[in-house]
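I opened the structure to look up three things: sheet order, enclosed space and aromatic pairs. My entries follow in that order.

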Amino acid sequence: MALLNMRNVRVAYSSTPLLDNINLQIERGERVCLLGRNGTGKSTLMKLIQGDIQPDSGEVLLQKGARIARLMQEVPEGMSGTIAQVVAQGLNPADDAAFTATAQNTATIDADNTESGQHKVNTVLSRLKLDPQADFETLSGGMKRRVLLAQALVDEPDVLLLDEPTNHLDIDSITWLEEFLLRYVKTLLFVTHDRAFLRKLATRIVEIDRGQLSSWECDYETYLQRKQVMLDAQVKQWEVFDKKLAEEEAWIRRGVKARTTRNERRVRALQRLREERRARREQVGSVRLQTQNVERSGSLVVEAKQVGYRYDEQPIIKDFSTIIMRGDKVGIIGPNGAGKTTLLRLLLGKLAPQEGTIRLGTRLQIAYFDQLREQLDEDRTVQENISGGNDTVTINGTARHIIGYLQDFLFTPERARSPVRVLSGGERNRVLLARLFTQPFNLLVMDEPTNDLDAETLDLLEELLVEFKGTLLLVSHDRAFLNNVVTSTLVFEGEGQVNEYVGGYDDWLRVRKSNAPQAEAKAPKPKTPAKNEQPTAPDRPRKLSFKERRELETLPQLIEKLEAEQQQLYAAMADPEIYKQGNDAPAQAQARLAALEGELTTAYERWQELEELTSPPVPLSDTERGCQRTADGF
């Protein structure tokens, strides 16, 4: 028997069922990713599995003794206490009673009772590297999510339900979570917008579409291809059906000549065709995204020189320099709390640097997408948040009715008149996008725009940003989104260091990995001299061979040529036109840039080596020799 079995389950909140007689089986050891557009019923399905709601019809069956736990999408309000106390809330009542007696000493495991609640709490705290005595209310959003994950895992559930588990986590936390789930969680049903997370974990994909479930036992790329083939076949099938219906409607409008048995059967067949057409649930249209026409900014957008900023003597950014040109699409990567928002405020001129200078370009029109959604008034309706109470919005010089405009973002008239506080996370992000694109801008700043958006809307947003002619500053922990959109990345790498790399997340990762062994190889290895060894005289310069002299003469020209090619590629990568030439053009440019880095490094090292051959090293003084001997341990 399957671990979980849903049979003919139906849930309806209106005349159109949200889940229409669906069937689902999950076997032990499966990791199932649940996909579907915002509002299609993913969270409802999870609530059914957990038993929070009951189906209108059908049944949800669990294997006898199987336990379910769920990590919800948002951190509940009002949760307080130490981490150990919050985690213990996930225990069943028997274990919770055993835990309460020793709650003040959570670091000690009861060796005589390994099944006690205390032991379970300590085990999961150790695995997730959590301090049991830390105050939950003082934690960052990412750490709170980790504590809630521990709460879901503490009772050792047979099935773990995760609803957008990567929301508000930085990249390091997401990669940690991936490895943790692969190692410790056997059976998993999860909803995510993070395609890299999906690719890493899912053994099967289940999609909710128009009230029905479909299962795809393949990877994500294959699922996309097969789904498109299925949709194309469905469109062709419907075209044939609609053509036949139109022919029958035309026949009956001409009038039935006689009440023969054949004609009566044809009329009944037409009635069945009409009923089938009315029952058809067509796919909901896609979000339509469009930026407004606006005057181009100057070529220079932002120039930063040796910028530094501190909080309470703690360096957030130090000695940071960059030049951002029109058309650049810059990703910003770093752990939560590293200073990404501070960097954005500095680059936009909202915060004055304590060291260095920031220069902004001309004719800048800035639009800002806020991950905390603070721009939205939760007590006002969707349309009031977009239009400020007006009936129309102006898009590219043309007035549009607010309801029609919001339908581009998949809001029905009823939903458009609903207060923002009742919307799901994905719907709120669509409101922010709708609000954003009513503004003209040539510099777009987006802080975590991908949270809660469905995969299809993400794809459309990616396409729009790639084709965007202006400049983009993007803070994101979505690795696939960064790879597909940005042309360069600014990465926080500790102690206020912000380094710039060409390409997206994978390009930065590749450069970081390739630099690690080089740095290790170049690191000087201390040499311990023999006990009575005397300092050797400096090497005398030797005469270069003819070949070496020619090489030394040509190296400056070679380096100059390589650097010129490098600058040309940087400029090309900043031009959105390169992304319209096909998928190979950006990849080839990035590969050539990576190769140029290696060629330039080799050329500079060879130049230095030949120069040193012609000049003797400066001999150490007696004092310096004494210092050297002391450093070497004498």
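Sheet. I count two strands as paired if DSSP finds at least two bridges between them. The model is a predicted one. With that rule I looked up an open sheet of six strands, and its order reads 14-17-18-12-19-20 with mixed pairing. I then checked the edges: strand 14 (366-369) and strand 20 (498-502) each have a single partner strand, so one side of each is left without a neighbour in the sheet. From one strand to the next, the twist averages 15°.

I picked one pairing to read in detail. Strand 12 (residues 329-333) and strand 18 (residues 471-475) run parallel and are joined by four bridges. Opposite Gly 331 I found Leu 474 in strand 18.

Cavities. How many cavities of 30 Å³ or more does the count give? I noted two.

The largest cavity has a volume of about 90 Å³. I listed its lining as Leu 71, Gly 142, Arg 145, Arg 146, Leu 149, Pro 165, Leu 169, Ser 173, Trp 176 and Leu 177. By class I wrote down six nonpolar, two polar and two charged residues for this lining. Helix 5 (141-153) and helix 6 (171-184) each supply at least two residues of it. Helix 5 gives the most, with four residues.

For the second largest cavity I noted about 50 Å³ of space. Its lining has two nonpolar, seven polar and three charged residues. Four histidine-free names I marked first were Thr 166, Asn 167, Leu 169 and Ile 174, which are among the lining residues. Also included are His 168, His 193, Asp 194, Glu 448, Thr 450, Asn 451, His 477 and Asp 478. I see Leu 169 in the lining of the largest cavity and again in that of the second largest.

Aromatic pairs. A search of the whole structure gave me 10 aromatic pairs. I looked at Phe 180 and Tyr 184, where the ring centres are 4.9 Å apart and the planes are at 45°, so the pair is tilted. Both residues lie in helix 6, four residues apart, about one turn of the helix.

Is Phe 180 buried or exposed? At 5% relative accessibility I put Phe 180 down as buried, because the cut-off for buried is under 20%. Tyr 184, at 29%, counts as partly exposed.

Last, I noted that Trp 176, Phe 180 and Tyr 184 form one aromatic cluster. Trp 176 had already appeared in my list for the lining of the largest cavity.

Notes. Residues are numbered from 1 along each chain as its sequence is written. This is a predicted model: local features need pLDDT of at least 70, side-chain atom pairs count only at pLDDT 80 or more; totals for chains, interfaces and linings use all residues. Side-chain values use heavy atoms; hydrogens and water are left out. On a 1 Å grid over the protein atoms alone, a cavity is a set of points where a 1.4 Å probe fits but cannot get out, and a pocket is an open set with protein on both sides within 12 Å along at least five of seven lines; lining residues have an atom within 4 Å of a point. Grid points are joined across faces, edges and corners, and a volume is the space filled by probe spheres set on the points. Ala, Val, Leu, Ile, Met, Phe, Trp, Tyr, Cys and Pro count as nonpolar, Asp, Glu, Lys and Arg as charged, and the others, Gly among them, as polar. Axes are lines fitted to C-alpha atoms, for helices over the stretch in contact, and angles run from 0 to 180 degrees between N-to-C directions. Rings of Phe, Tyr and Trp (its six-membered ring) pair if their centres lie within 6.5 Å; planes under 30 degrees apart count as stacked, over 60 as edge-to-face and the rest as tilted. Buried means under 20% relative accessible area, exposed over 50%, partly exposed in between (1.4 Å probe, protein chains only).
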